[in-house]
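Got your viewer open? Let's take a walk through this protein, one selection at a time.

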Amino acid sequence: MTDSQVPENESKLARRTVLMASGVAVTAVGIGGALSVNASAQETAPQTPASADACYTLTSELVEGPYYIDADKIRRDITEDQEGIPLTLELKVIDADTCKPLRNAAVDIWHCSATGVYSGYESSGNGGGGPAPTGPPPSGTPTGEPPTGGPGGGGGGHQEPTDDDRFLRGTWRTDRHGHVTFKTIFPGWYRGRAVHIHTKVHVDGTWTDAGYEGGHTCHTGQFFFDEKSVLASAEVAPYSTNTTTRTTLTEDTIYPQNGHTGGLLYLKYDKRNIAKGVRAHLTMGVAPDETHDSSDTQPSPSASPSAS
């Protein structure tokens, strides 16, 4: 089946049977190709593999979080009617051992809205911790210790959905070069977490008219945004209405503090006007023969119970 044959009807759902197996948490590096000019970016040279036997360093396995739904729509544009700064997310998935691209892999992404709300869990409000905030915007960089405690749902504990909405969630297949591109919005923030996007990579399954079936999850991770971009987004509506205390990247208890290795995206945007849109990219090195479905990856002991 070619890319054009994959159903893009927003009403069609795909359910997968993911094989369960134990695994070992690993660390990673992400790189990507060049993007547009006249923008703010963080570009670095590719890191040297940790071993001469390895082509590419594995991308960090991170906790799935409580808000994953294995019924995501097969689509590249996951925005629906959500307001926010346009975000184009360009990913490349490769075998870390051979550096060969993984074609026909199913890549999931999901994240909260500009005001910190996850679809499927809207009754839980902002990040599972009450209604979406209103009022004057936050200013400056947050100070002090990151918040602790909070609503249930634990970093690795799954919560059942409370509604049928699925905005800012989607699945699409990689092409023969391992590339996949999503259209969405710049995520907002909620209590206890830095701004992030969740992801999963599924392999060895089958693409059907109903979606992607079978196979196993070879990678579960998260993507992160640098502080400059987040502070710039906070000046733009509706992000500017979010009064929730924001956790910085250095305060986040899930982000492994290892740069692009841990999912920090390369970003490009007009630094004079981020509202025009952001382009983000990263290469993910995965182990297609392994299973990493988040059952083998838990948040650090200091993580907030609401971490996701």
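One bit of vocabulary before we click anything: buried means under 20% relative accessible area, exposed means over 50%, and partly exposed is in between (1.4 Å probe, protein chains only). What you're looking at is a predicted model, where local features need pLDDT of at least 70 and side-chain atom pairs count only at pLDDT 80 or more, while totals for chains, interfaces and linings use all residues. Residues are numbered from 1 along each chain as its sequence is written, and side-chain values use heavy atoms, leaving out hydrogens and water.

**Stop 1: a salt-bridge network**

Select glutamate 80. With 33% relative accessibility, glutamate 80 counts as partly exposed. Now add arginine 75, which is buried at a relative accessible area of 1%. These two form a salt bridge, with their closest N and O atoms 2.9 Å apart. (A salt bridge here is a side-chain nitrogen of Lys or Arg within 4 Å of a carboxyl oxygen of Asp or Glu.) Add Lys73 too: Lys73, Arg75 and Glu80 are linked in a network of salt bridges. How many salt bridges does a search of the whole structure find? The search turns up 8.

**Stop 2: two more salt bridges**

Next, select glutamate 227 and arginine 246, whose side chains meet in a salt bridge at 3.0 Å, N to O. Glutamate 227 sits in helix 1 and arginine 246 in the loop between helix 1 and strand 9 (266-269), so this pair ties together parts that are 19 residues apart in sequence. (Helices, H or I with at least four residues, and strands, E with at least two, are DSSP runs numbered from the N terminus.) Glutamate 227 is partly exposed at 23%, whereas arginine 246 is buried at 7%.

Then jump to aspartate 270 and arginine 272, another salt-bridged pair, at 3.3 Å from N to O. Buried or exposed: which is arginine 272? Arginine 272 is exposed, at 67% relative accessible area, while its partner aspartate 270 is buried at 11%.

**Stop 3: inside helix 1**

Go back to helix 1 (residues 227-233) and pick serine 229. Its relative accessibility is 0%, so serine 229 counts as buried. Try drawing a C-alpha to C-alpha distance from serine 229 to isoleucine 274: they are 45 residues apart in sequence and 7.9 Å apart in space.

**Stop 4: the cysteines**

A disulfide is a covalent bond between the sulfur atoms of two cysteines. The search looks for a pair of cysteine sulfur atoms within 2.5 Å, and across the whole structure it finds 1 disulfide. Select cysteine 55 and cysteine 99 to see it, with the sulfur atoms 1.8 Å apart. The pair links distant parts of the chain, 44 residues apart: cysteine 55 is in the segment before strand 1, and cysteine 99 is in the loop between strand 1 and strand 2 (106-110). The torsion about their S-S bond is about -105°, so the disulfide is left-handed. Cysteine 55 is partly exposed at 27%, and cysteine 99 is partly exposed at 30%.

Two other cysteines to click on: cysteine 112 is buried at 1%, and cysteine 218 is buried at 0%.
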